[in-house]
Amino acid sequence: MIHTITSAIESIDLAGLFPAKQPIELELGCGDGSFTLQYALAHPGRNIVALERLLGRITKLDRKGHRAGLKNLRLLRAEAVYVLMYLLLPGTLDAIHVYFPDPWPKKRHHKNRLISESFPPLAKRLLKYEGIIYLRTDNIEYFEQMLEVFDSGAGFERAETPRSLKELVTDFEQEFNAQGIPTNHAAYRKTGS
């Protein structure tokens, strides 16, 4: 289930990674894979690509996916921004999930955040018409930045995060919610071509 990236310049045909042709969704930074595994099990009619940079996390998710017999899950180990910019074909994704990205809380590190002014154009290029991006974070300041960059006329409109999606929580999210730290959810639908 781990797809080996063999070229730093050739695009990855995501549809070709799966036995069935069905909607393709991408999770950026799948972490321990707790959401990914639940989501893939609950949605066998969707192909899920999970992207994670850390080898230990991706191999753990690979083992769990094999044990669960998932045919609709593929994994990529790489740096997210590079894959988004250079390795994915335009208009191939039905949804993108970004849950609890590193908030880089120090002001001088904000330039390292995944969701910044440069992110909506990348997402827009990769999503199909009316494709959707789902966002979650426990960091309210970062959440406000996420809303600001997507609300700034980037070719997206606000959408509702379905309750069924909110109910699939990550292990990380459970820990923070147990400490009284709420989860902030947002969703944006691509409006133009």
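## Strand β2, the sheet and the pockets

In this predicted model, helix α3 supplies three residues to the lining of the largest pocket, which is the largest share from an element. Helix α3 spans residues 80-87, and together with β2, α1, β3 and α4 (119-126) it belongs to the elements that each contribute at least two lining residues to this pocket. The lining comprises 35 residues in total, and those nearest the pocket centre are Gly 29, Glu 52, Phe 100, Pro 101 and Asp 102.

The second largest pocket is lined by 16 residues, with Glu 25, Tyr 39, Arg 46, Ile 132 and Tyr 134 nearest its centre. Two or more of its lining residues come from each of β5, β6 (127-137) and α6 (163-166). Strand β6 provides the largest share of this lining, namely six residues. The two pockets are set out below by volume and by the classes of their lining residues.

| Pocket | Volume | Nonpolar lining residues | Polar lining residues | Charged lining residues |
|---|---|---|---|---|
| Largest pocket | about 930 Å³ | 18 residues | seven residues | 10 residues |
| Second largest pocket | about 190 Å³ | eight residues | three residues | five residues |

The strands that contribute to these linings belong to an open sheet. Eight strands form this sheet in the order β1-β4-β3-β2-β5-β6-β8-β7, and their pairing is mixed. Strands β1 (2-3) and β7 (156-159) are the edge strands, each pairing on one side only.

Within the sheet, β2 occupies residues 24-28, and five of its five residues are buried. The side chains alternate in direction: Ile 24, Leu 26 and Leu 28 point one way, Glu 25 and Glu 27 point the other way, and all are buried. The burial thus includes the two glutamates of the strand. Glu 25 is also among the residues nearest the centre of the second largest pocket.

Strand β2 has a parallel partner in β3 (residues 47-52), to which it is joined over five bridges. In this pairing Glu 25 stands opposite Ile 48 of β3. The connection from β2 to β3 runs through helix α1 (residues 34-42), forming a right-handed β-α-β crossover. Strand β5 (residues 93-99) also pairs with β2 in the parallel sense, over four bridges. Here Glu 27 stands opposite His 97 of β5.

The pairing of β6 with β8 (residues 184-190) is antiparallel and extends over six bridges. Ile 132 stands opposite Arg 189 of β8, and Ile 132 is also one of the residues nearest the centre of the second largest pocket.

The largest nonpolar core draws on both strands and helices. It contains 38 residues, and those with the most contacts inside it are Leu 28, Val 98, Ile 115, Phe 119, Ile 133, Leu 135 and Phe 150. Two or more core residues come from each of β2, β3, α3, β5, α4, β6, α5 (140-151) and β8. Helix α5 makes the greatest contribution, with six residues. Leu 28 connects this core to the description of β2, where it points the way of Ile 24 and Leu 26.

Notes. Residues numbered from 1 in each chain as written. Predicted model: local features only at pLDDT ≥ 70, side-chain atom pairs only at ≥ 80, totals over all residues. Heavy atoms only, no water. Buried < 20%, exposed > 50% of the residue type's maximum accessible area, 1.4 Å probe, protein only. Pairing = 2+ DSSP bridges. Right-handed = clockwise from strand over helix to strand, strands pointing away. 1 Å grid on protein atoms, 1.4 Å probe; cavity = no way out; pocket = protein on both sides within 12 Å on 5 of 7 lines; lining within 4 Å. Points joined across faces, edges and corners; volume = space filled by probe spheres on them. Nonpolar A, V, L, I, M, F, W, Y, C, P; charged D, E, K, R; others polar. Core = buried A, V, L, I, M, F, W, Y, C linked by side-chain atoms within 4.5 Å.
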